[in-house]
Protein chains: 2
Amino acid sequence: MFSKSCKYAIRAVLYLAIHSDAEHKLGVKDVAEALDVPGPFLAKLLQQLSRHHLISSTKGPNGGFYLSETNARANLRGVVESIDGPEVFSSCILGLPVCSSQNPCPLHSRAQLYRQGLLELVEDQTIKEVAERVERQELKI
Amino acid sequence: MFSKSCKYAIRAVLYLAIHSDAEHKLGVKDVAEALDVPGPFLAKLLQQLSRHHLISSTKGPNGGFYLSETNARANLRGVVESIDGPEVFSSCILGLPVCSSQNPCPLHSRAQLYRQGLLELVEDQTIKEVAERVERQELKI
DNA sequence: CTATAAAAAGATAAAAAACTCTTTTAATCT
DNA sequence: AGATTAAAAGAGTTTTTTATCTTTTTATAG
């Protein structure tokens with residue numbers, strides 16, 4: 001469903017939500033090791049998220065990545081769209097160039113249901129909320 | 001969501017459901033041109049589906065691919081599983097190696113909803129039914 | 001039984017995604 | 001100001017997915 005990159009990105013954002021803030025920034029290495037994902041690759045993803053203002057970062061000593069309060073109040077949709085592109089939520093499930101309610105593919109109407117589920121998945125709770133749930137229930141990222 | 005291969009496969013199966021039967025077999029080229037997908041690549045996919053008995057084929061003059069009555073009474077789940085693997089319907093949405101109701105990832109419970117939608121999409125109608133709808137409503141494949 | 005048509009199989013090539021390494025830039029601390 | 005730290009940026013490399021080409025097998029028709 002989501003690309004590998006996107007999965008890494010979501011997990012990294014949740015990790016930052018739990019373990020970082022403006023006073024406690026984390027280096028790429030910290031996050032990469034904690035999540036067991038390739039460091040230099042994750043760096044690229046975090047840079048991309050940072051450029052899109054979905055996470056925050058500063059350079060230099062004591063620099064690193066972190067989630068600002070504002071970042072944490074957003075939901076995961078932006079993260080997904082930033083990495084996999086906005087079309088993951090709208091593109092035709094059969095890959096047809098044109099597919100809409102007007103001109104639907106054979107699976108269009110049913111695909112809407114699953115699409116809705118997907119949107120709710122990333123939209124109906126903030127990153128902070130997900131992160132708090134992870135802490136409360138001691139979930140693994 | 002589905003790989004490109006899988007999208008081609010679904011469309012090809014629907015095309016066969018509409019335009020072929022045991023007496024009217026189609027060559028790879030016919031299908032590839034009708035769907036505007038790369039011929040040799042589609043050939044591989046059709047061979048794979050044939051090996052898994054999801055579509056039928058015969059060699060030689062007047063040979064080709066077609067859907068038997070039995071093939072057409074199945075649903076699309078087998079097609080998807082044959083190409084993209086069965087795990088598309090069960091693997092963790094965050095890519096975690098272990099993720100279950102016992103040991104859920106942060107998005108697990110909500111992901112179930114979308115997963116359910118996906119399964120219904122491919123399971124709750126037969127290929128024949130989808131194909132008939134395509135004909136009735138003149139849908140594009 | 002021979003020629004032919006079409007799928008099956010195998011081997012190869014191109015494109016995209018995933019991953020790595022090196023250099024540059026910008027903060028901070030002494 | 002100079003040294004240092006860590007992100008940003010750029011330039012590769014590897015792996016996987018997508019696509020192509022060639023040869024082999026098998027069924028049919030003449």
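At what angle do α3(A) and helix α5 (residues 77–84) of chain A pack, and how far apart are their axes? Let's find out in the first close-up, keeping in mind that this is a predicted model.

**Figure 1. α3(A) packs against α5(A).** The angle between the two helices is about 115 degrees, and their axes lie 10 Å apart. Their crossing is right-handed. On the α3(A) side, look for A:Leu45, A:Gln48 and A:Leu49; these residues meet A:Val79, A:Ser82 and A:Ile83 in α5(A). Sorted by class, the residues of this contact are four nonpolar and two polar, with no charged ones.

**Figure 2. α2(A) packs against α3(A).** Here helix α2 (residues 28–35) of chain A meets helix α3 (residues 39–51) of chain A at an angle of about 115 degrees, and the axes are 9 Å apart. This crossing, too, is right-handed. From α2(A), the contact draws on A:Val28, A:Val31 and A:Ala32, while α3(A) brings A:Gly39, A:Leu42, A:Ala43 and A:Leu46. Six of these residues are nonpolar and one is polar; none is charged.

**Figure 3. The largest pocket and its lining.** If you enjoy looking at empty space, this view is for you. The largest pocket has a volume of about 400 Å³. It is lined by 22 residues, and those closest to its centre are A:Arg11, A:Leu35, A:Lys140, A:Ile141 and B:Leu96. In chain A, the elements that give two or more residues to the lining are α1 (4–19), α2 and α7 (127–136). Which of the elements gives the most? That is α1(A), with seven residues. By class, the lining holds 13 nonpolar, three polar and six charged residues.

**Figure 4. Chain A and chain B around the rotation axis.** To lay chain A on chain B, turn it by 180 degrees with 0.0 Å of shift along the axis; the RMSD is then 0.0 Å. The two copies are therefore related as by a two-fold rotation axis. Which residue of chain A comes closest to that axis? Find A:Met1, whose C-alpha is 2.1 Å from the axis. Of the interface residues of chain A, 100% are also interface residues in chain B, so the copies meet through the same surface.

**Figure 5. Chain A as a whole, to place the close-ups.** Chain A has seven helices and two strands. Along the sequence, these elements follow the pattern α-α-α-β-β-α-α-α-α. Taken along the principal axes, the C-alpha atoms of chain A fill a box of roughly 55 × 30 × 25 Å. Within this chain you can pick out α3(A) again, which packs with α2(A) and with α5(A).

Technical notes: Residues are numbered from 1 along each chain as its sequence is written. Chains are lettered from A and ligands numbered from 1 in the order in which they are written. This is a predicted model: local features need pLDDT of at least 70, side-chain atom pairs count only at pLDDT 80 or more; totals for chains, interfaces and linings use all residues. Side-chain values use heavy atoms; hydrogens and water are left out. Axes are lines fitted to C-alpha atoms, for helices over the stretch in contact, and angles run from 0 to 180 degrees between N-to-C directions. Helices (H or I, at least four residues) and strands (E, at least two) are DSSP runs, numbered from the N terminus. A crossing is left-handed if the near helix is turned anticlockwise from the far one by less than a right angle, and right-handed if clockwise. Contact means heavy atoms within 4.5 Å. Ala, Val, Leu, Ile, Met, Phe, Trp, Tyr, Cys and Pro count as nonpolar, Asp, Glu, Lys and Arg as charged, and the others, Gly among them, as polar. On a 1 Å grid over the protein atoms alone, a cavity is a set of points where a 1.4 Å probe fits but cannot get out, and a pocket is an open set with protein on both sides within 12 Å along at least five of seven lines; lining residues have an atom within 4 Å of a point. Grid points are joined across faces, edges and corners, and a volume is the space filled by probe spheres set on the points. Copies are superposed by least squares on the C-alpha atoms of residues with pLDDT of at least 70 in both.
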